[in-house]
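Biologist: Please choose a single part of this model and take me through it closely, with its surroundings, in one connected account. I would like to know what it packs against and how its neighbourhood is put together.

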Amino acid sequence: MKIIRRISLFCVTAGIMFGAGSYATLKAEQFFYPNKYEQQKENTGQVIETAVEKAPVITADTLYLIEEIDLANGTVAEKEEPVPVKYIGLDRIGLIEELKSYDQNPALSDLKLGFQTIELSSFSKDRVVICKYYRLEEEDNGFYLMVADHFVVVYESDKETIHMNTDILLTSLNESLQKEIIRGKYIEDERALYNFLESYSS
């Protein structure tokens, strides 16, 4: 009987000592590392916040829509196109900058259609909508090819209003054509103008 009591007393004493040791260890850890768990929570919060704030960018899977707006009659035509490679990876600000650059130097194919300007209508990583505005002039009074800073420049019929700049160097043309342009070469309509530009543009 005495042996059983001694064993029970030993077990109780051991349990009390184990509990006291665990409690003392926890308290010691809290004393020496008071911000351990708070830092973990803060770090976790920072990671989540950073991920949420990341700006969306265009990917190859982004739906890329072009809205062609005819200013003359108010019609709108929408079409889907593949995302231009140079736009992939751009955020909203980057795309706007690219569109500004295009607005200053549009493709000849757009100019033939009476291109006026371009703007971003909608932007997300899933869907981008770009508006192109066109207006074909009903009355064509012709153009003049002239020279400015060694490059061929297209002027309106008044010879004062610049219609468009070109990348055609005057010296890249034959001598006879150079003389015509220096005097002011008349081009009767837009079709003739764009045929000339396509023939001599680099």
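Modeller: A residue is called buried when its relative accessible area is under 20%, exposed when that area is over 50%, and partly exposed in between. The model is a predicted one, and the part I have chosen is helix α6, which spans residues 190-200. For orientation, the protein has six helices and eight strands in total, and from the N terminus on they follow the order α-α-β-β-α-α-β-β-β-β-β-α-β-α, so defined as runs assigned by DSSP. Of the 202 residues, 27% count as buried, and 48% of the contacts with a separation of 6 or more join residues 24 or more positions apart.

The start of the helix is capped at its N-terminal end by D189, a side-chain oxygen of which lies 3.3 Å from the backbone nitrogen of R191. Within α6 itself, E190, A192, L193, Y194, F196 and L197 are buried. A general point about helices is useful when reading such a list: there are 3.6 residues a turn, so residues three or four places apart point the same way. The buried residues of α6 pack against two helices, α4 and α5 (175-183), and against the strands β5 (143-148), β6 (151-155), β7 (162-169) and β8 (185-187).

One of these partners, β7, can be followed down to a single residue, since T166 is located in that strand. T166 has a relative accessibility of 13%, under the 20% cut-off, and therefore counts as buried. Beyond its neighbours within four places in sequence, T166 is in contact with F151, V152, V154 and L197, and L197 is among the buried residues of α6. The side chain of T166 also makes polar contacts with the backbone, reaching the backbone oxygen of V152 at 2.5 Å, while one of its polar atoms lies 3.2 Å from the backbone nitrogen of I168.

A second partner, α4, covers residues 108-112 and contains D110. This aspartate is a charged residue by class, yet with 6% relative accessibility D110 counts as buried. Its side chain is joined to that of K132 by a polar contact of 3.0 Å, and, neighbours within four places in sequence aside, D110 is in contact with Y102, F115, K132 and Y134. Y134 also helps to line the second largest pocket, together with E68, I69, D70, A72, A77, L113, R135 and L136. That pocket has a volume of about 150 Å³, and its lining comprises six nonpolar, no polar and three charged residues. The element that gives the most to this lining is strand β1 (residues 63-70), with three residues.

The loops that link the partner strands deserve a look as well. Most residues other than glycine have a negative phi. H150, in the loop between β5 and β6, is not a glycine but has a positive phi of about 75 degrees; with a relative accessibility of 60%, which is over 50%, H150 counts as exposed. K159, in the loop between β6 and β7, likewise has a positive phi, near 65 degrees, and at 37% relative accessibility K159 counts as partly exposed.

Methods:
Residues numbered from 1 in each chain as written. Predicted model: local features only at pLDDT ≥ 70, side-chain atom pairs only at ≥ 80, totals over all residues. Heavy atoms only, no water. 1 Å grid on protein atoms, 1.4 Å probe; cavity = no way out; pocket = protein on both sides within 12 Å on 5 of 7 lines; lining within 4 Å. Points joined across faces, edges and corners; volume = space filled by probe spheres on them. Helix = DSSP H or I, 4+ residues; strand = E, 2+ residues; numbered from the N terminus. Buried < 20%, exposed > 50% of the residue type's maximum accessible area, 1.4 Å probe, protein only. Polar contact = N/O pair within 3.5 Å; in protein donor to acceptor, adjacent residues only side chain to side chain. Contact = heavy atoms within 4.5 Å.
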